[in-house]
Number of protein chains: 2
Amino acid sequence: MQSETHGEFPALKERLAHFPVRCRSAGLKVTQQRLAVYSMLAGTVSHPTPEEVFEAIRGGLPLLSLATVYKILDQFQRAGFVRKVSTEGQAARYDAKVEPHHHMVCTACGAIQDIQLPSEPDLAQGLSAESGFQVARYDVIFHGLCGACRKAGRGQP
Amino acid sequence: MQSETHGEFPALKERLAHFPVRCRSAGLKVTQQRLAVYSMLAGTVSHPTPEEVFEAIRGGLPLLSLATVYKILDQFQRAGFVRKVSTEGQAARYDAKVEPHHHMVCTACGAIQDIQLPSEPDLAQGLSAESGFQVARYDVIFHGLCGACRKAGRGQP
DNA sequence: GTGGCTGCAAAGCTTTTGCATGTTC
DNA sequence: GAACATGCAAAAGCTTTGCAGCCAC
């Protein structure tokens with residue numbers, strides 16, 4: 001119990017323990033690089049870019065290449081281990097929390113936070129019939145000022 | 001009345017007629033390039049990329065440069081004339097419809113459609129207090145199969 | 001042993017930038 | 001005429017690709 005910070009989603013230890021199993025189920029071999037990428041992502045809430053993941057783990061894997069990190073993140077996303085967060089600009093950002101939730105993007109500092117809406121209606125309901133579109137999932141992205149930037153007076157010139 | 005296709009938002013003619021005024025209010029000079037970019041965007045519902053805008057209007061402006069289109073789209077977005085639609089990959093896409101609405105992205109063909117939710121609760125309500133985040137706006141992006149791809153059986157192997 | 005994975009380098013796209021020239025107001 | 005826009009070319013990011021050698025299974 002002590003390794004759970006908020007009790008919000010599976011504890012880090014448990015997720016790491018299951019990782020090899022999940023890899024094999026997905027037809028992916030368990031390598032040091034994949035372990036390192038997943039551990040890093042699972043241990044942060046900062047939604048890092050591929051470059052940031054690379055910088056964070058290259059200490060333990062001196063020969064690691066950024067291209068490998070890109071490939072691994074892409075495989076993880078398609079296997080459902082991680083989520084790629086739509087960011088309107090620049091580099092992609094990844095999130096190891098795959099449970100349904102949304103995101104807030106700070107317009108001043110660019111930080112991304114997870115958002116769990118307390119009670120959320122199913123927005124997709126009724127859409128399919130009306131438009132012929134078959135909704136598989138949807139993302140909500142909130143834009144605004146994060147707590148830190150608001151206190152610092154940033155973003156309101 | 002005849003130029004309105006659906007009555008959903010201001011007619012094309014009217015929007016074009018107001019364009020010079022809006023430009024000057026925003027401190028932007030009225031140039032042929034800006035007119036061409038805005039007309040093209042206002043006359044489509046396909047959410048084109050900068051490249052597509054460029055290709056569509058270069059016929060009438062032989063010397064037009066893609067860099068100019070990028071600059072103009074960026075200015076338009078900051079002036080509130082157009083919206084930049086967050087697309088998880090590749091090139092940015094722009095929308096001349098700025099009235100509140102959401103988007104559907106087809107996972108098979110990549111097409112983007114506007115979505116007007118019939119009745120939508122304010123998702124941002126209650127968020128600020130809880131998280132310290134000050135929400136300015138939010139976007140909803142639906143992912144799934146568009147009508148055409150669904151009929152064609154694409155996207156479901 | 002074999003198929004898949006990694007590392008490296010190079011290429012591919014999208015987007016931005018600097019600057020001389022041209023245009024709007 | 002002054003300030004701002006454009007066009008061009010070059011550069012800067014981010015991401016993908018091809019391939020030889022290496023590793024997990």
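Which polar backbone atom is 3.1 Å from a phosphate oxygen of DNA strand C? That atom belongs to L63(A), and the pair is a polar contact, defined as a pair of N or O atoms within 3.5 Å, where within protein one must be able to donate a hydrogen and the other to accept it, and residues adjacent in sequence count only if both atoms are side-chain atoms. The model is predicted, with local features requiring pLDDT of at least 70, side-chain atom pairs counting only at pLDDT 80 or more, and totals for chains, interfaces and linings using all residues. Residues are numbered from 1 along each chain as its sequence is written, chains are lettered from A and ligands numbered from 1 in the order in which they are written, and side-chain values use heavy atoms, with hydrogens and water left out.

DNA strand C is surrounded by 21 residues, of which K29(A), T31(A), Q33(A), K71(A) and Y70(B) are the closest; a residue is taken as near a strand if one of its heavy atoms lies within 4 Å of it. Of the atoms of DNA strand C that come within 4 Å of the protein, 72% are accounted for by sugar and phosphate. In the side chain of Q33(A), a polar atom lies 2.9 Å from a sugar or linking oxygen of this strand. A base oxygen of DNA strand C is reached by K71(B), with an N or O atom of the side chain at 3.2 Å. At least two residues each of the surface near DNA strand C are supplied by α2 (32-42) and α4 of chain A and by α4 of chain B, where helices (H or I, at least four residues) and strands (E, at least two) are DSSP runs numbered from the N terminus. The most is given by α4(A), with four residues. This surface comprises eleven nonpolar, four polar and six charged residues; Ala, Val, Leu, Ile, Met, Phe, Trp, Tyr, Cys and Pro count as nonpolar, Asp, Glu, Lys and Arg as charged, and the others, Gly among them, as polar.

Around DNA strand D there are 22 residues, and Y70(A), A92(A), T31(B), Q33(B) and K71(B) come nearest. Sugar or phosphate holds 72% of the atoms of DNA strand D within 4 Å of the protein, and the rest belong to bases. Base oxygens of DNA strand D are approached by K71(A), through a polar side-chain atom at 3.2 Å, and by K71(B), through a side-chain N or O atom at 3.0 Å. The side chain of R34(B) places an N or O atom 3.0 Å from a sugar or linking oxygen of DNA strand D. The elements supplying at least two residues each to the surface near DNA strand D are α4 (66-79) of chain A and α2 (32-42) and α4 (66-79) of chain B, with α4(B) contributing the largest share, four residues. By class, the surface near DNA strand D holds eleven nonpolar, five polar and six charged residues.

A turn of 180° and a shift of 0.0 Å along the axis lay chain B on chain A with an RMSD of 0.0 Å, the superposition being by least squares on the C-alpha atoms of residues with pLDDT of at least 70 in both copies. The two copies are thus related as by a two-fold rotation axis. V140(B) comes closest to this axis among the residues of chain B, its C-alpha lying at 2.2 Å.

The contact between the chains (heavy atoms within 4.5 Å) takes 35 residues from chain B and 35 residues from chain A. Because 100% of the interface residues of chain B are also interface residues in chain A, the copies meet through the same surface. About 3,100 Å² is buried between the chains, 59% of it on carbon and sulfur atoms; buried area is the accessible area (1.4 Å probe) that two parts lose on being put together, summed over both. In chain B, the most area is lost to chain A by E88(B), F133(B) and H143(B), together 23% of what that side buries. Across this interface, 14 residue pairs are in polar contact, both residues at pLDDT 80 or more. On the side of chain B that touches chain A, β5(B) provides the largest share, twelve residues.
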